[in-house]
Structures are given as structure tokens and as C-alpha cells.
Amino acid sequence: MSVQDKKTNMADPEEDPRDAGSGSESEKEYLLRLPSSSTSSSGTQTYSPCRRLAFLLALTFFSALGGFLFGYDTGVVSGAMLKIREDFNLTAVYQELIVSMTIAGAAIAALLAGPLSDLFGRKPILLLASFVFTIGAVVMSAAPSPMVLLVGRFVVGVGVGLAAMAVPMFISESAPAEMRGKLVVVYISFVTGGQFIATLIDGAFSYLPLHVGWRLMLGLAGVPSLIMFCGLLFMPETPRWLVFHEKIPRARKSLYHLREPKQAEQELQEIIKDYQEYKAQKLAWWQVVVKLFTTRSVRLALVVGCGLQMFQQFGGINTVMYYSASIIQMAGFPDRDAIWLAAIPAFGNFIFTILGLILVDRIGRRKLLLGSSAGVIFSLALLGAAFYVMDVESPEATPRQRDHCDLTSCGACVGNSQCGFCVDHVDDGSFVNGTCTPAEEINREMMSKYRTPNRTCLLYFETTPTDMTNSNFFASEFDTLPGSNSSSDDRERRWFFTSCPNSKLASLTIVVLFIYIAFFAPGMGPLPWTINAEIYPTWARSTAIASPPRSTGCVTSLSP
């Protein structure tokens, strides 16, 4: 047997990794020193092109389920919040906390995801993320109080942060270079698809009893997380992580699952070369961070990457997706209608993200980003103008000089969380005799439920706030008042707490939200993720992708 044959045999992954060669040199150290022509392995199993493609698509699907969960858990709260608020009588502060706790958990987990994935591997972090998603879904669905719900939202946020960092890394390090950008965009498509599915689930479960519907909305996230966990168990670790932890046979085997043999060997040598340079420098993780900021080209790439993520969030997408149902409700639509109508921008987000996947290589990243940014600015300005006009033209309210609700318009009244706007609805469709009155959270459900005919809002001010907490007051007291059965009075009281009576511009808000999504989704949505997966050298990729400015930017949301 020739010396070359011996070297080839030593590179065979089926052999035990025992000491070989002279002295105390181990096999993996020996393999790292071998030239390119000496590291091919005839013993590594090869696969047909169809099987390699199927394996790559399966790997992308199971890992991108982390993106689906990201989208589902951030999108489902839009419709669920309307039911949670009613079930727990939540204050505005609690509503904001339910949303922001997920963001807080995601921000913390995103900062830790990079170092943890470097230490333990990309695959274990994804398994951990899917497990955390499952636990969070169970906690939220069984929450007996708002405080437990906050805990569940925080746990889900940890899963979001881990997935947001680990999934793009896992896909970009596993995919061939020519498919890397497109497969990362698939992850974004799963995010937007998860948001759309969440709105449909919200609408479907909005017909269930109040205390059941929102629990199923939140709890269903446990199903895809279990599928993700089981699927990833059969997926390999990324070749790059394996080489950097001197697991050469496993890295080769992983590459042979995803590449044709010649390409696999070539890429293995490139990764080994990167590792040799990294090992020769003997940089600790903090030294890699220093090098990242002191290398001009990488520093500029980091500025671009962090800047793109920052402006993506400043574009308002999280506000629109988290609060789409609330925004539509504020325009004057009833709760259930608002939940279903929220599916329109969510569906547009999904469709136009796929359009971006088609256009990204035809138009180019720069043109697509610039056009997307201009459209986002225009649509947000139009949305703000529509709400301003609706506020100016909102029905007048008769100030009653009672506490803090001496306000003169419906817009100002419902803008105060402690006030409610009561108005008489006449058969011809008009609203008259609007008044603004203190409306504690405990009274809202009864005020909305009991709409006793033939009585005007003015009658409420003949009572005390204590009287208004008694359901018998609503159901019986007015019916005994003189004239309560009079057919000549064709008025019906209606209460509004978060919006004013339907405005002529109410439907415009749906159109503008869709226009906003149509501009955002193809460019500002997926391209920051795609570009970040492409602009860093291999030695800096995982550290740069998980850098604190970018990690925090990925999961930061602006609360309205």
C-alpha cells in the first residue's frame, strides 16, 4: 500500500479517530494538515442529486419552522389581545407589557444565541428554541392570570430570540453558496406565513367562548414547535461548526448529504483553510470581536448590516403586525370584524415577501431597497393623515365636567383609557347626543352588552359610578323608567371605548395598511436578513450576525 493510500484511508470517516502518524499527533490534527489532494474519502457515502436536493429542502423546512413560530407568536397577539383584554379586564399598561415581554425575552436570548451556538452548535440551539416555544405555548394557553400570561410571553420571546439568530446561521452555513441568499429569504417567508396563519386562527377562534378562544390561539404554537423539534433530530450539524470543532469526518458526511462529492471536498478544504487561519491566530471570542471592529471592510459591513436591521424596525412593521387588529378597530370596526380584517395586511405580507424572493436577483438589492423604503414612507404618511382626519371629524361630545372626562370630541374621549364615549344611534344611521363619561374597566363589558332601546346616553349621568357596576341597573332599571316602551323614541345607546362610530375613512385604513405591506414586504422585510447572510467573511459571520446592535435591532418593536 502506498503512502498516499494510507493517507486516504486515514481520512476515511468510518475509521476510529485514534492517534496516527508520528508522535502524539491525533488523526484530526493530521487531517487538518493534509493538502487538498489528500483529503478525499472513498468511504464516504454519496447520494443522488434528487436525494441531496430533498435533504436540503427538508433541512431548510424544519429549521425555517423557527421562522414560522417567530411569525405566529408575534402575529397571533394582534387578534388575541382583543379577547385577552376583555377576559382579564386589562389596563393599557398590561396590554403593552404582554407585547413587550416577548420582545424583552427575544432581545436577551438574541444576545446569547451567538456565543451559545458557537459553543454547542447551531442544531442544539434550534432544538432548544423549539423546546422553549413548546413550553411557552403551554404556559400561555393555561394562564390563570395576566401575570402567568406575561411569564409565558417572556418564555416565547426567548424562543423567538434564539430562532431569529440561529436559523439564518444554520441555513446559510448549510446551503450551497449559490442558493444561500434565496434559502435565507425562505426563512423570512416562513415568518410572514406564520403571521398570516396566526390571523386566520384568530378569526376562526374568535367565535369560541371568550375564555377559551384566546387560549387556543396562543396554545396552537406548540404544534409546529414539536414538528420542528422532531424533524431537526434527523438533520446534521453545519459543516463549518463541525470543522471548527475538529470533527472532520462528521463535517465531510454532512457536506456529502448536501453537495455532490467534488463540490463537497472543495468546500471542506475551504472551511479547513479558514479554520487553520483561525487556529493559527488563536483568537478568543473577544479577540474575534475586536478584529471584527478593527478590520475596516468587516466594520463597514457590520455598519451596513446593523443599519439595515435598525431601519427595518424603524419602518414600523412590528407595530403594524402586533397591533393590526387594534389599528383597524381604532378606525371604527367591531372587534370580530377587526380580527378578520387583520388577515388582509398579513396575507399581503406573505405574498409580497414571495414576490421579493422573485425580484431580488432580477432588480438587485439596492434598487429594491430604495423603492421599498420610498413606498413605506409614503404609506405611513398617508395612514397618519387618515387617522388625523378621522380624529378631527369625530363626533362632538358634550363635556360633563366629571373628573378627567370633560372632553369635547369622541377622538379625545376614546384616547383616554379611563373614559367612554356614549352616543345615540338613530335609525337613519346618524349619531346624536354624544357624551364623554368616566368608564372604569369593570363597567365596560356591561356597558357594551346592555344596549337598552328608547333611552338616551344622558340618563347615565343621573346615576353614580357605583350604580353602573350593577348589571341589574342596565337590564332592569331603565326598562321601568317612564317612556321606556314608547314606540316614538327610535334611538339606541351605543358605547365606544377604543374607536369612534364608523368614519367615512375607516375602509381607507385597510387599503393603506395593504399598500404599506406591499412596499415593505419585498424589500425592507427580507433583504436585511439576506444581505447580512452574504456580506461577512466566514470567520466573522456568526459573530457579526449575533452582534449586540444587530441582535437587538432584529427583535426591537416600537409600541404605539
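The following exercises, each with a worked solution, concern a predicted model of a single chain.

**Exercise 1. Overall composition**

Determine how many helices and strands the chain has, and what share of its residues counts as buried.

*Solution.* Begin with the secondary structure: the chain contains 26 helices and 3 strands. Next, consider burial: 53% of the 560 residues count as buried. Finally, turn to the contacts with a separation of 6 or more: 77% of them join residues 24 or more positions apart.

**Exercise 2. Confidence along the chain**

Establish which elements have the lowest and the highest mean pLDDT, and which stretches call for caution.

*Solution.* Start from the whole chain, where the average pLDDT is 77 and 76% of the residues score at least 70. Among the elements, helix α22 (residues 471–477) has the lowest mean, 38, whereas helix α5 (residues 122–141) has the highest, 95. Then examine residues 34–41: their pLDDT is below 50, and the stretch has 23 contacts in the model beyond near neighbours in sequence. Residues 445–456 also have a pLDDT below 50, with 42 contacts beyond near neighbours in sequence. Where pLDDT is low, predicted coordinates should not be read in detail.

**Exercise 3. The environment of Leu90**

Decide whether Leu90 is buried or exposed, and locate Leu90 in the chain.

*Solution.* First, place the residue: Leu90 sits in the loop between α3 (49–88) and α4 (92–120). Second, apply the cut-off: buried means under 20% relative accessible area. Leu90 has a value of 1% and is therefore buried. Third, compare sequence with space: Leu90 and Pro146 are separated by 56 residues in sequence, yet their C-alpha atoms are 8.1 Å apart.

**Exercise 4. Packing of α3 and α8**

Classify the mutual orientation of α3 and α8 and describe their contact.

*Solution.* The axes of α3 and helix α8 (residues 210–219) come within 9 Å and cross at roughly 165 degrees. Angles over 145 degrees count as roughly antiparallel, so α3 is roughly antiparallel to α8. The crossing is left-handed. Residues of α3 in the contact include Tyr72, Val76 and Phe88, and those of α8 include Leu210 and Trp214. By class, the contact comprises 10 nonpolar, 1 polar and 4 charged residues.

**Exercise 5. Packing of α19 and α23**

Carry out the analysis for α19 and α23, and state how the contact residues divide by class.

*Solution.* Helix α19 (residues 365–392) and helix α23 (residues 506–520) pack at about 165 degrees, with axes 8 Å apart. This angle makes α19 roughly antiparallel to α23. The crossing is left-handed. Among the contact residues are Gly371, Leu383 and Phe387 of α19, and Val512, Tyr516 and Phe520 of α23. The contact consists of 15 nonpolar and 5 polar residues, with no charged residue.

Conventions:
Residues are numbered from 1 along each chain as its sequence is written. This is a predicted model: local features need pLDDT of at least 70, side-chain atom pairs count only at pLDDT 80 or more; totals for chains, interfaces and linings use all residues. Side-chain values use heavy atoms; hydrogens and water are left out. pLDDT is the predictor's confidence in each residue, from 0 to 100. Helices (H or I, at least four residues) and strands (E, at least two) are DSSP runs, numbered from the N terminus. Contact means heavy atoms within 4.5 Å. Buried means under 20% relative accessible area, exposed over 50%, partly exposed in between (1.4 Å probe, protein chains only). Axes are lines fitted to C-alpha atoms, for helices over the stretch in contact, and angles run from 0 to 180 degrees between N-to-C directions. Angles under 35 degrees count as roughly parallel, over 145 as roughly antiparallel, 65 to 115 as roughly perpendicular and the rest as oblique. A crossing is left-handed if the near helix is turned anticlockwise from the far one by less than a right angle, and right-handed if clockwise. Ala, Val, Leu, Ile, Met, Phe, Trp, Tyr, Cys and Pro count as nonpolar, Asp, Glu, Lys and Arg as charged, and the others, Gly among them, as polar.
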